[in-house]
Amino acid sequence: MTETVIAPRYITYVPLTDLRPAPRNPKRHALELIIDSIRMHGLVETPVADERTSRVLHGHGRREALIELQTRGAQPPDGVLLDNDGGWLIPLLRGWSSRDDAEAEALAIKLSRLPGEGGWDPREFAAVLEDLATGDALLFDSLAISHDEIDQMLRQADPETLPGGLREDEPATLHLPDDDNELTPDDAGRATHSTCPACGHTFTNGR
């Protein structure tokens, strides 16, 4: 006899219009970057619901991005379904209930804040950037990593562990994708390269 297991967490598809935002959400969102990511990769990370309030606990940026995409007349991205009337159906993680508003808001902050608290391993980060920069310029550009962030990361890395290593007569160079197109508005004032002040390791950008 097979035992029936009731999943404490489960994903169900709900109308996008049914996703009600939390009354207070202090998290800001880079909406266009989220939109670009969803367009490129589909909807991968699902919003999370609070069963007690029937509101979005986590995923407000994705909710806003999907609403904006639908408003612009875009086709449903991968991971989004259509109902019989053409409305968008969104995967939603359900099954968790807060005790009260205080716990709901505390967890909402943790879900947004904690993933970034660990930071990045500078050596591994540089290695991944190297592979993306040389292997797929489009994917590299989609990361939207500023040169200031690259500089900060390089300052934390051991020069000998960075991609390309070090030569005695010249610094190692991580070549970023070249782009022969004209500058876009977002490129104005962007540095052409980022150099580690400690080791001389240079990220070269064709833009």
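In the predicted model, the largest nonpolar core has 15 residues, and the members that touch the most others are Leu19, Leu66, Trp88 and Ile90. Helix α1, helix α2 and strand β5, which spans residues 88-94, each supply at least two residues of this core. A second core, separate from the largest one, consists of 8 residues, among them Phe125, Leu129, Ala133 and Met153. In soluble globular proteins, nonpolar side chains tend to be buried together. The surroundings of isoleucine 90 illustrate the largest core. Apart from neighbours within four places in sequence, isoleucine 90 is in contact with Thr12, Tyr13, Val14, Leu16, Leu19, Leu43, Pro47, Leu66 and Val80.

The cores belong to a protein with 6 helices and 8 strands. Along the sequence, these elements follow the order β-α-β-β-α-β-β-α-α-α-α-β-β-β. Of the 207 residues, 31% are buried. The protein exposes about 13300 Å², and 49% of this area is supplied by carbon and sulfur atoms. Among contacts between residues at least 6 apart in sequence, 73% join residues at least 24 apart.

Several individual residues show such links between separate parts of the chain. Arginine 63 is located in helix α2, which covers residues 60-71. This arginine counts as buried because its relative accessibility is 17%, and buried means under 20%. Residues up to four places away in sequence aside, arginine 63 touches Leu16, Leu19, Pro21 and Val56. The C-alpha atoms of arginine 63 and arginine 20 are 9.1 Å apart, although 43 residues separate the two in sequence.

Leucine 31 lies in helix α1 and is partly exposed, with a relative accessible area of 25%. Its contacts, not counting residues up to four places away in sequence, are Gly61, Glu64 and Ala65. Between leucine 31 and glycine 61, which are 30 residues apart along the chain, the C-alpha separation is 6.7 Å.

Threonine 46 sits in the loop between α1 (31-41) and β2 (48-50). With a relative accessibility of 16%, threonine 46 counts as buried. When residues up to four places away in sequence are not counted, threonine 46 touches Ile11, Arg62, Pro91 and Leu93. One of these partners, isoleucine 11, is found in strand β1, residues 10-15. Isoleucine 11 is exposed, because its relative accessible area is 51% and the class begins over 50%. Together with Tyr13 and Leu81, Ile11 makes a nonpolar surface patch of about 280 Å².

Charged side chains were examined next. Side chains of opposite charge can pair when their charged atoms come close. The count of salt bridges comes to 9. In one of them, the side chains of arginine 94 and glutamate 51 meet at 2.9 Å, N to O. Arginine 94 lies in strand β5 and glutamate 51 in the loop between β2 and β3 (55-58), so the pair ties together parts that are 43 residues apart in sequence. Both partners are partly exposed, arginine 94 at 26% relative accessibility and glutamate 51 at 24%.

A salt bridge also joins arginine 52 and aspartate 101, with the closest N and O atoms 2.6 Å apart. This pair links distant parts of the chain, since arginine 52 is in the loop between β2 and β3 and aspartate 101 is in helix α3 (residues 101-117), 49 residues apart. Arginine 52 counts as partly exposed, at 36% relative accessibility.

Glutamate 68 forms a salt bridge with arginine 72, the closest N and O atoms being 2.8 Å apart. Salt bridges with shared partners join Glu32, Glu68 and Arg72 into one network. Glutamate 68 is partly exposed at 26% relative accessibility, and arginine 72 is partly exposed with a relative accessible area of 39%.

Aromatic rings were considered last. A pair of aromatic rings is described by the distance of the centres and the angle of the planes. The search of the whole structure finds 1 aromatic pair. This pair consists of tryptophan 120 and phenylalanine 125, whose rings are stacked, with 4.8 Å from centre to centre and 15 degrees between the planes. The two partners fall on opposite sides of the burial scale: tryptophan 120 counts as exposed at 61% relative accessibility, whereas phenylalanine 125 is buried at 10%. Phenylalanine 125 is also one of the residues of the second core.

Technical notes. Residues are numbered from 1 along each chain as its sequence is written. This is a predicted model: local features need pLDDT of at least 70, side-chain atom pairs count only at pLDDT 80 or more; totals for chains, interfaces and linings use all residues. Side-chain values use heavy atoms; hydrogens and water are left out. Patches are made of residues with over 30% relative accessible area and no salt bridge: like charges are joined within 9 Å, nonpolar side chains (Val, Leu, Ile, Met, Phe, Trp, Tyr) within 5 Å. Accessible areas come from the Shrake-Rupley method with a 1.4 Å probe; for residues, only the protein chains shown count as cover. A salt bridge is a side-chain nitrogen of Lys or Arg within 4 Å of a carboxyl oxygen of Asp or Glu. Helices (H or I, at least four residues) and strands (E, at least two) are DSSP runs, numbered from the N terminus. Buried means under 20% relative accessible area, exposed over 50%, partly exposed in between (1.4 Å probe, protein chains only). Contact means heavy atoms within 4.5 Å. Rings of Phe, Tyr and Trp (its six-membered ring) pair if their centres lie within 6.5 Å; planes under 30 degrees apart count as stacked, over 60 as edge-to-face and the rest as tilted. A nonpolar core is a set of buried Ala, Val, Leu, Ile, Met, Phe, Trp, Tyr and Cys residues joined through side-chain atoms within 4.5 Å.
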